[in-house]
Amino acid sequence: MRYRELGNTGLMVSETGFGTIPVLSGNVPVLPDYYSPDVDEAVEIMMHAYRMGCNFYDTAIPEEYGDAEYKLGVFAEKAGRENIIISDKARFMDGNDMFREVMRSAENLGTDPDIYFVHQVDEDNQDETFSRYGALDALCDLKKAGVIKYTGIATHYYSVAERSACDDRVDVIQTSANIMERGIIERIAENSDLFKNKGLILNKVYAAGCLLNVFDPSELIGGILHWPFSCALIGIGTVGQAEAAMKEDFSPWEFSFEEVIKRLSEHFTPVGCTRCQRCVCPKGYEVHIMLRQYNYYHLGKHYWARKKLRLNIEEVYESCMKCTERQCMKDCPRKLRIPELIEMIHDFVTR
């Protein structure tokens, strides 16, 4: 296992980290695949990764990750708390709510988390998160009190990651990237001086498991190693998955985006979107999410992706067909014909 610096925290973290969603038991809507190991099984899976050199374990509150916090706490005691780094997160933007959740997480874990993230910060809730008495302020107070060591912002939006990079209160940023959805990390690499003092954690390396239908773990992990991150989180629910994610001999691949699209094209006709998020719609519709869901559907997430696409497809389609500005196309670096893609998705969903 190789290790990387976590920004200016002074911590050295394993190049691949353990995402705990798959070790939970129970009915949690965000769960991509159901494993449901009991406590002993879950602890053994985490121990297996630990023996292979993993020292970074990421979890979240019960409403999002079920009993994963508790299982991680049991593992931490067995492995030795001083030997691992725990990051936790909660989707609350108000400072009072965040303060309460951190204290609850510490109780569930049986120990204080090292890093705590405000989870799922987006362009609509970021102002509350970063405001005075918002969630980030609460994390700073908890850091001063010694309850947590470092503060974090977890987001799927480049604009929020950039804002976090400019805020001295933020120690660590968590965002998504994989060999297909590389837009955010490529923008971070382009602005590396801005992000150089922040720890950077990547999630969705397997694209919620979708890309495993086309690429193997060595390709998916090897294909991101050249990017400027600290730790890549892999959701792990079995010993075999731990073996695949934690081995030490990953070869850097540096897939071009065109190579990725070519591989995907052997299975379906993918939309060539990197999710760089430059396609800003004047009406506020998030085009990049719709394009992602279309790809995810064809990569195996049939029910989940189609359900997401159906939410407002008629509204988006009608607005897009009437739009004459086409700013989304002007700003797209890949020159995608976005109105035509929206029409294709509309026809696919409503047929």
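**Exercise 1. Work out which residues of α14 meet α17, and how the two helices cross.**

Start with the contact itself: in α14, R306, L309 and R310 meet I345, F348 and V349 of α17. Keep in mind that you're looking at a predicted model.

Next, sort those residues by character. The contact of α14 with α17 divides into four nonpolar, no polar and two charged residues.

Now the geometry. Helix α14 covers residues 302–310 and helix α17 covers residues 338–350; they pack at an angle of about 115°, with axes 10 Å apart. Angles from 65 to 115 degrees count as roughly perpendicular, so α14 is roughly perpendicular to α17. As for the hand, α14 passes α17 in a left-handed crossing.

**Exercise 2. Take R306 and decide: buried or exposed?**

Step one is to place the residue: R306 sits in helix α14.

Step two is the cut-off. Buried means under 20% relative accessible area, and R306 has 15%, so R306 is buried.

Step three is to ask who's around. Skipping neighbours within four places in sequence, R306 is in contact with Y297, K301, F348, V349 and R351. Take V349 from that list: R306 and V349 are 43 residues apart in sequence, yet 7.0 Å apart in space, C-alpha to C-alpha.

**Exercise 3. Find how α13 packs on α17, and say which residues make the contact.**

First, get the axes. Helix α13 (residues 287–298) and α17 have axes that come within 11 Å and cross at roughly 50°. That angle makes α13 oblique to α17, because it falls outside the parallel, antiparallel and perpendicular ranges. The crossing of α13 and α17 is left-handed.

Then list the players. α13 brings V287, M290, L291, Y294, Y297 and H298, while α17 brings I338, L341, I342, M344, I345 and F348.

Finally, do the tally: this contact has eleven nonpolar residues, one polar and no charged.

**Exercise 4. Describe the surroundings of R182, then move on to α8.**

Begin with location. R182 is in the loop between β8 (172–176) and α8 (183–190).

Then check accessibility: the value for R182 is 6%, so R182 counts as buried.

Look for a polar partner next. A polar atom of the R182 side chain lies 3.0 Å from the backbone oxygen of F255. Leaving out residues up to four places away in sequence, R182 touches W227, F255, S256, F257, V260 and T274.

Now step into the helix. The buried residues in α8 are G183, I184, I185, R187 and I188. Their cover includes α7 (158–165), β8, α9 (192–195) and β9 (199–203).

**Exercise 5. Classify M12 by its relative accessible area and list what it touches.**

Place M12 first: it lies in strand β2, residues 12–14.

Then compare with the cut-offs. Partly exposed is the band between under 20% and over 50%; M12 has 42%, so M12 is partly exposed.

Now the contacts. Not counting residues up to four places away in sequence, M12 touches Y3, R4, E5, N55 and I85. To finish, pick I85 and check the spacing: M12 and I85 are 73 residues apart in sequence, and 9.4 Å apart in space from C-alpha to C-alpha.

Notes
Residues are numbered from 1 along each chain as its sequence is written. This is a predicted model: local features need pLDDT of at least 70, side-chain atom pairs count only at pLDDT 80 or more; totals for chains, interfaces and linings use all residues. Side-chain values use heavy atoms; hydrogens and water are left out. Axes are lines fitted to C-alpha atoms, for helices over the stretch in contact, and angles run from 0 to 180 degrees between N-to-C directions. Helices (H or I, at least four residues) and strands (E, at least two) are DSSP runs, numbered from the N terminus. Angles under 35 degrees count as roughly parallel, over 145 as roughly antiparallel, 65 to 115 as roughly perpendicular and the rest as oblique. A crossing is left-handed if the near helix is turned anticlockwise from the far one by less than a right angle, and right-handed if clockwise. Contact means heavy atoms within 4.5 Å. Ala, Val, Leu, Ile, Met, Phe, Trp, Tyr, Cys and Pro count as nonpolar, Asp, Glu, Lys and Arg as charged, and the others, Gly among them, as polar. Buried means under 20% relative accessible area, exposed over 50%, partly exposed in between (1.4 Å probe, protein chains only). A polar contact is a pair of N or O atoms within 3.5 Å; within protein, one must be able to donate a hydrogen and the other to accept it, and residues adjacent in sequence count only if both atoms are side-chain atoms.
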